[in-house]
Amino acid sequence: CTTLRRLFVHDSVYDALVPRLKRAYAAVPVGNPLTDGTLVGPLVDQGAFDGMQKALEAAKAQGGKVAGGERVDGVGAGYYVRPAIVEMTEQSDVVRHETFAPILYVMRYSDFAAAVEMNNDVPQGLSSSIFTTDLREAEQFLSAAGSDCGIANVNIGPSGAEIGGAFGGEKETGGGRESGSDAWRAYMRRATNTVNYSRTLPLAQGVKFEVDA
């Protein structure tokens, strides 16, 4: 659920980085996950495979260039596929949709603020990360003006979770936190108690309700 789905690459490094990514994706060992050296196992079922192919077709229709994504034969009866890289000219509907399949959408950017806006312009908000040597960019990404995800990392990918940190998301992937400093709350029954030590009966928030009786 925290696997990288969208990659925003600065114009200055895009043409050097993306071909290297494609070569790496093409060389990733796909096969039985119980076999040493395998990095990509099968999709869970045909529904997942069909969903992946549907997403790739939608990406093509929305201007994307697809590399990979085809079924890998000769490795078993499951739905083994080559991870796909999809170069998109913009963040279209298919990019905003969360497809549980090995698809990486890659987009260019030149303005940092625009990249942060694209990062946040999706219904999901679980995990995010930035790679930068600019301290100001890193601090902004971690601030309220940056990533709106429950997890925001710097110079490390979004996958996985630090066991000592609170795990959880926002928006459609919201719903509280696990682990971290809030973990103990799940084991408690919390109650709010108000004790009045006076001999009068004050009303809440200082309200006065005076009548003749």
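I will go through the sheet, the helices packed on it, one buried glutamine and the nonpolar cores. Keep in mind that this is a predicted model.

Start with the sheet. It is open, has four strands in the order 1-4-3-2, and its pairing is mixed. Strand 1, residues 6-10, and strand 2, residues 65-67, are the edges; each has a single partner strand, so one side of each has no neighbour in the sheet. From one strand to the next, the twist averages 25 degrees.

Now the pair formed by strands 3 and 4. Strand 3 covers residues 84-87 and strand 4 covers residues 103-109; the two run parallel and are joined by four bridges. If you want a place to look, find Val 86, which stands opposite Tyr 105 in strand 4.

Next, the helices. Helix 1, residues 11-27, packs on the sheet and touches strand 1, strand 2, strand 3 and strand 4. The direction of helix 1 makes about 140 degrees with that of strand 1. Helix 2, residues 46-61, also packs on the sheet, with contacts to strand 2, strand 3 and strand 4. For helix 2, the angle is about 25 degrees with the direction of strand 4.

On to Gln 91. This residue sits in the loop between strand 3 and helix 3, residues 93-96. Is Gln 91 buried or exposed? Its relative accessibility is 7%, and the cut-off for buried is under 20%, so Gln 91 counts as buried. What does its side chain make a polar contact with? The partner is the side chain of Arg 6, at 2.7 Å. In addition, a polar atom of the Gln 91 side chain lies 2.9 Å from the backbone oxygen of Met 118. Beyond its neighbours within four places in sequence, Gln 91 is in contact with several residues, including Phe 8, Met 107 and Val 122.

Last, the cores. The largest nonpolar core has 21 residues, and those touching the most other members are Leu 43, Met 52, Val 86, Met 88, Val 94, Ile 103 and Tyr 105. Val 86 and Tyr 105 are the opposed pair I pointed to earlier. Helix 2, strand 3, helix 3 and strand 4 each give two or more residues to this core, and the largest share, six residues, comes from helix 2. Leu 43, leaving aside neighbours within four places in sequence, is in contact with residues that include Phe 49, Met 52, Tyr 79 and Pro 102. There is also a second, separate core of eight residues; among them are Leu 7, Val 9, Val 18 and Val 106.

Methods:
Residues numbered from 1 in each chain as written. Predicted model: local features only at pLDDT ≥ 70, side-chain atom pairs only at ≥ 80, totals over all residues. Heavy atoms only, no water. Pairing = 2+ DSSP bridges. Axes fitted to C-alpha atoms, helices over the stretch in contact; angles between N-to-C directions. Contact = heavy atoms within 4.5 Å. Buried < 20%, exposed > 50% of the residue type's maximum accessible area, 1.4 Å probe, protein only. Polar contact = N/O pair within 3.5 Å; in protein donor to acceptor, adjacent residues only side chain to side chain. Core = buried A, V, L, I, M, F, W, Y, C linked by side-chain atoms within 4.5 Å.
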